[in-house]
Amino acid sequence: MKKVFIYDLETYSNFFLATFKIPEKEEWFEFEISDRQSDIKELKLFLNSQVKGLIGFNNLNFDYPVLHNTILSNNVDWKASDIFEEVQLIINFKYSAINNKSVKIPQLDLYRIWHYDNEARRTSLKWLEFTMRMENIEDLPYSPDTILTFEQMDEVKSYCRNDIKATEMFYLKSKEQINFRLNMIKELGYNVMNYSDVKIGEYINRKTYEKLSGKNYYDFKELRTYRSIFHIKDLIPDYIQFKSEYLNNFLNDIKDKSFKPNEDFEKHLNFAGIELTFAKGGLHTKDKSRDIVCQDNHTLVEKDVGSMYPGSIINGKFYPKHLGEEWYLGIKHLFDERNLVIKPKMKKLDSKSDEYKFLNAKQEAYKLSMNGGGYGKTGSQFSWQYDPMVIMKTTFKGQLSLLMLIEQLYDIGCNIISANTDGVVIYYDNKIKDNVIQVHKNWENI
């Protein structure tokens, strides 16, 4: 019966090594092609008759293309030097991954599902070995251009096994992420196994938009809306009102301001006993390390705005100009499905049941669709959803609204402890609890 293996390759001009291990078992399989032996026939037989799938780290960009372009490609008796030449071509390719439809052995790439292929998150296996506190962290003992001796070949074998053990540790830590993707494949009828969380969210958002708009992905795939300047007066909702002279002066001041997409915009406020930074990306206080002790008959609580960005998009009817209102209606559909259908149903289920786990994965996916896969992608020029006006309207609406809440809570006697983007921490005497609840409700209605 075919099985799934964790694997890794080592390539030198006179030495090729393919090592495989069954997860959570001490069953190893090694195949060498070198000056001293050739396991090419055994490796081909193993791949074709025993392997159901392969697990690796960055294997979609390197390890699998090496196997695909050499061992799995034809009946040639590949030599180590031939494989090494192919490896140099793969390294120099900008996009080396094999098209999904052409992949002969299903792959699970831990590097991809954790989004380590993103420039800001890029992480090496060595760094993961360190963060997982592995007892033995090894660097490749010889540079790839080395002509290895037989003794050095054996050292590389040991190194390769250590890397596979690290990959196995990371695989075991990734079980929740893998199960999430299995549930999404079941839900979507599409293979998203090697998609990052955000990419899964964007795919769901895309399918929802296609359904509502009646358009095919290729109708809007290349569309974008570019902005040369943002006028802040266009980013302020009509309902924004302040009582204090200080905040009204601030509002009047920023109304006349403009900024370009690549320019910073930042204002510093001293209000309600706190220092606030108001910037393009959000609102936050300058907090110092300290203890806040809640006394008897007092309340210390964070007022956190649930689904703030999706809520702002839906209520503001924001959407990329080139996509039309069906885009925000798609966000609304996912929002309503998550909050009015899935979550209430989950409350009636055993949290250990398969149905609960499936629904939990689904609601998490919808959350990803609305946030990173929707709102976040309106700021990415690589996305079909790109229109940074959506982000600017959403963030300005959110932080100005939060500033209104801070003022109203402060006015009734709350101490403002801290604030950041979608929430505010307050401390108050329970005598004013009813007033706090009323302010909360009134603000939500607005």
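1. Let's start at helix 1, where I40, L43, K44, F46 and L47 are buried. Looking down the axis of helix 1, these buried residues fall within an arc of 160°, so they line one face of the helix. On the other side of helix 1 you'll find K41, L45 and N48, which are exposed. Bear in mind as you read on that this is a predicted model.

2. What do the buried residues of helix 1 pack against? Quite a list: strand 1 (3-12), strand 2 (15-21), strand 3 (28-34), strand 4 (51-56) and helix 2 (63-69). If you click through those elements one by one, you'll have the surroundings of helix 1 in view.

3. K41 deserves a quick look of its own. It sits in helix 1, which runs over residues 40-49. K41 has a relative accessible area of 63%, and because the cut-off for exposed is over 50%, K41 counts as exposed. Its C-alpha atom is 9.7 Å from that of W78, with the two residues 37 apart along the chain.

4. I91 is another exposed residue, and this one is in helix 3 (residues 80-92). Its relative accessible area is 52%, against a cut-off of over 50% for exposed. V66 is 25 residues away from I91 along the chain, and their C-alpha atoms are separated by 9.9 Å.

5. Now step back to the protein chain as a whole. It has 446 residues, and 49% of them count as buried. The secondary structure comes to 15 helices and 13 strands. Along its principal axes, the C-alpha trace spans about 85 × 55 × 45 Å.

6. Some chain-wide numbers on contacts and surface. Take the contacts between residues at least 6 apart in sequence: 67% of these join residues at least 24 apart. The chain exposes about 23600 Å², and carbon and sulfur atoms supply 47% of that area. As for charge, there are 61 positive and 64 negative charges, and their mean positions are 6 Å apart.

7. Which residues touch the most other members of the largest nonpolar core? They are W327, L400 and L409, in a core of 73 residues. Helix 14 (residues 388-411) gives the most to this core, contributing twelve residues. There is also a second, separate core of 27 residues, with F31, Y64, L72 and V87 among them.

8. W327 is worth zooming in on. Leaving aside neighbours within four places in sequence, W327 is in contact with N205, Y209, I313, F318, Y319, P320, G374, Y375, T378, W384, Q385 and V390. Of the names in that list, V390 falls within the residue range of helix 14.

9. Helix 10 (residues 245-255) is a second helix to check for sidedness. Its buried residues are L247, F250, L251 and I254. Seen down the axis of helix 10, they fall within an arc of 95°, so they line one face of the helix. Those buried residues pack against strand 8 (266-271), strand 9 (274-279) and helix 14. Helix 14 is also the element that gives the most to the largest nonpolar core.

10. On to the backbone. Most residues other than glycine have a negative phi. A272 has a positive phi of about 60° although it is not a glycine. You'll find A272 in the loop between strand 8 and strand 9. At 9% relative accessibility, A272 counts as buried.

11. T421 also has a positive phi, here about 55°, and it is not a glycine either. T421 lies in the loop between strand 12 (415-420) and strand 13 (423-429). Is T421 buried or partly exposed? With a relative accessibility of 26%, T421 counts as partly exposed.

12. Last stop: Q363, in helix 13 (residues 354-375). Q363 has a relative accessibility of 5%, and because buried means under 20%, Q363 counts as buried. Not counting residues up to four places away in sequence, Q363 touches R338, I342, K343 and M346. K165, by contrast, is 198 residues from Q363 in sequence and 33 Å from it in space, C-alpha to C-alpha.

Note on methods:
Residues are numbered from 1 along each chain as its sequence is written. This is a predicted model: local features need pLDDT of at least 70, side-chain atom pairs count only at pLDDT 80 or more; totals for chains, interfaces and linings use all residues. Side-chain values use heavy atoms; hydrogens and water are left out. A nonpolar core is a set of buried Ala, Val, Leu, Ile, Met, Phe, Trp, Tyr and Cys residues joined through side-chain atoms within 4.5 Å. Buried means under 20% relative accessible area, exposed over 50%, partly exposed in between (1.4 Å probe, protein chains only). Helices (H or I, at least four residues) and strands (E, at least two) are DSSP runs, numbered from the N terminus. Contact means heavy atoms within 4.5 Å. Accessible areas come from the Shrake-Rupley method with a 1.4 Å probe; for residues, only the protein chains shown count as cover. Lys and Arg count as positive and Asp and Glu as negative; His and the chain ends are not counted. The place of a charge is taken as NZ of Lys, CZ of Arg, CG of Asp or CD of Glu. The arc is that of the directions from the helix axis to the C-beta atoms.
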